[in-house]
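The exercises below ask you to read a protein model from its overall form down to single residues. Please work each task with the sequence and the coordinates open, and then compare your reasoning with the solution.

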Amino acid sequence: MLTAAREVSVFGDAIEYFNTAASLLDLDPGMRRLLTSPSRQIIFAIPFQRDNGELEVYTGYRVQYNFARGPAKGGIRFHPGVTLDEVTALAFWMTWKCAVVDLPFGGGKGGVTCDPSKLSPGELERITRRYAAELVEVVGPDKDVPAPDVGTTPQIMAWFMDTYSMHVRQHVPAVVTGKPLEIGGSRGRVEATGRGVSLVALAQMEEMGIAPSGASIVVQGFGNVGSIAAQMFVERGCKIVGISDVSGGYYNANGIDVNGAIAYSQEHHSLDGYRGGDRVTNDALLTAACDVLVPAALEKQLTIENAARVQAKLIVEGANGPTTPEADHIFDERGIVVIPDIMANAGGVTVSYFEWAQNRAGYSWRESEVNERLADVLLENFRRVRGAAALRNVTLRTAAYMVAIQRVTQSMNTRGVYA
Ligand code: NAD
């Protein structure tokens, strides 16, 4: 049982957050059982040829968690730590994320256990094509729509779209989002998650009386989400005092030159050797003095080990699942506000929805239109979550789950359960 392994299971942590909200909503036990069971979990072999001709076999996953509000939707992760448990948790979070921003999608996620940094472009392409080919029957614009996540890129989405289209013998751009612009990607998609993180963070900072100009921010993870969020914060006058990636952390109380760090990281494929800040450990970075902390790397970064030492007043979860339930409890007791992942990083899936809608209409929107609609969706739903938190006197996380669970159960009750 996935849920039994609470100590080690990412899905176990995810269920714990769900249970808190479900109890407050007095959710019917049958509905609870349904919503804590993934609809479909697929595990398959991905044989592929190495550049040296050797045959290698990796493992691929796709979890389609819930379809009540529409086709499954969620990224594909290429990372050595990918497991069925992790992909299930990520698919579960996608269900609530899509619902909390009111998108017509269910939740899904996929992945391949591999280290993309050790694969050539040709090897990555062959893995992606085999991954897509294995899923042809169960993905599609009205079934399940993947997107990029950790370790996957717009180019990988292009190979996925091409493989699917070849198999079904027609051009199907809406089978996947996060594509390059020239084959139906949306303007603003690459920046969308980081933009959304900064939008909700700034809205909450205003509420808490933290002025953007001079506010100090630490960002853990300097990939798509972290680096773009950092850039957007700087545009609003904030000071980024710490950044990190897998190579380690870099702290500069006078402010990191974010564009310089992005250029460095692009040139060297990592921040390793970056000299714009003092080298610090991951632990020192997460507990550094700052107003706002943005974990934007992986799960389980804020834990019982470090939560009592975190100095930020506000935590904005750019990553999925960066805070364990124990740490979340400590933050609540210490009065540290947490904007939960399902709300804070929903900008990406929102613009993915716009991309899917544009593909289906065969019409593309201006970037300003995308960004304006993104801000509308996120800020309106964030207001709703804040309202629910105030009304029920609960954390933003519990309130976000409550809003999402209510929307999903409403759809399920209206459709009726085929049981
Ligand atoms: P990415 O691969 O572009 O970047 C991940 C970054 O994290 C890299 O800089 C990597 O070096 C760093 N990292 C990895 N392990 C680390 C560690 N132990 N300490 C510090 N840094 C570490 O991935 P991304 O797309 O930016 O995704 C980051 C997080 O945001 C993930 O949790 C992902 O699920 C979530 N997310 C991404 C999107 C999206 O649109 N890309 C949308 C919603 C949520």
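**Exercise 1. Accessibility and backbone of two loop residues**

Task: decide whether N393 is buried or exposed, and state where N393 is found; then do likewise for R169.

Solution. The model is a predicted one. N393 has a relative accessibility of 70%, and the cut-off for exposed is over 50%, so N393 counts as exposed. In the chain, N393 is found in the loop between α13 (367-392) and α14 (396-415). Its backbone deserves a look as well, since phi of N393 is near 55°, a positive value in a residue other than glycine.

R169 is handled in the same steps. Its relative accessible area is 71%, so R169 is exposed. This residue sits in the loop between α5 (154-168) and α6 (189-208), and its phi, near 60°, is again a positive value in a residue other than glycine.

**Exercise 2. The chain as a whole**

Task: determine how many helices and strands the protein chain has, and why it can be called as compact as a globular protein of its length.

Solution. Begin with the secondary structure, which comprises 14 helices and 12 strands. The radius of gyration of the protein chain is 20 Å, and the globule rule gives 22 Å for 419 residues; because the two values are close, the chain is as compact as a globular protein of that length. The C-alpha trace spans about 55 × 55 × 45 Å along its principal axes.

Next, turn to burial and contacts. Of the 419 residues, 58% count as buried, and among contacts with a separation of 6 or more, residues 24 or more positions apart account for 68%. The accessible surface comes to about 17200 Å², with 50% of it belonging to carbon and sulfur atoms. As for charge, there are 39 positive and 46 negative side chains, and the centres of these two sets lie 5 Å apart.

**Exercise 3. The nonpolar cores**

Task: find which residues have the most contacts inside the largest nonpolar core, and which helix gives the most to this core.

Solution. In soluble globular proteins, nonpolar side chains tend to be buried together. Here the largest nonpolar core has 92 residues, and those with the most contacts inside it are F92, W96, V316 and Y401. Helix α3 (residues 84-100) gives the most to this core, contributing 11 residues.

To follow one of these residues outward, take W96 and leave aside its neighbours within four places in sequence: W96 is then in contact with F18, L35, I342, Y401, A404, I405 and V408. A second, separate core of 27 residues includes I46, L119, V175 and V176.

**Exercise 4. Four residues and their surroundings**

Task: for V310, G277, L84 and S37, classify the accessibility, and set separation in sequence beside separation in space.

Solution. V310 is found in the loop between β10 (292-295) and β11 (314-316), and its relative accessible area is 0%, so V310 is buried. Beyond its neighbours within four places in sequence, V310 is in contact with L286, T287, L293, L302, I315, F331, R334 and I336. V310 and T409 are 99 residues apart in sequence and 36 Å apart in space, C-alpha to C-alpha.

G277 lies in the loop between α8 (258-268) and β9 (278-280). Its relative accessible area is 16%, and since buried means under 20%, G277 is buried. Leaving aside neighbours within four places in sequence, G277 is in contact with Y250, Y251 and N252. The C-alpha atoms of G277 and I15, which are 262 residues apart along the chain, are separated by 38 Å.

L84 lies in helix α3, and at 21% relative accessibility L84 counts as partly exposed. With neighbours within four places in sequence left aside, L84 is in contact with Q41, I43, Y61 and V63. L84 and T303 are 219 residues apart in sequence, with a C-alpha to C-alpha distance of 22 Å.

S37 is found in the loop between α2 (29-35) and β1 (40-49), and at 38% relative accessibility S37 counts as partly exposed. S37 and T88 are 51 residues apart in sequence and 9.6 Å apart in space, C-alpha to C-alpha.

Terms used: Residues numbered from 1 in each chain as written. Predicted model: local features only at pLDDT ≥ 70, side-chain atom pairs only at ≥ 80, totals over all residues. Heavy atoms only, no water. Helix = DSSP H or I, 4+ residues; strand = E, 2+ residues; numbered from the N terminus. Rg over C-alpha atoms; globule rule 2.2 N^0.38 Å. Buried < 20%, exposed > 50% of the residue type's maximum accessible area, 1.4 Å probe, protein only. Contact = heavy atoms within 4.5 Å. Areas by Shrake-Rupley, 256 points an atom, 1.4 Å probe, with all protein chains shown as cover. Lys, Arg positive; Asp, Glu negative; His and termini not counted. Charge placed at Lys NZ, Arg CZ, Asp CG, Glu CD. Core = buried A, V, L, I, M, F, W, Y, C linked by side-chain atoms within 4.5 Å.
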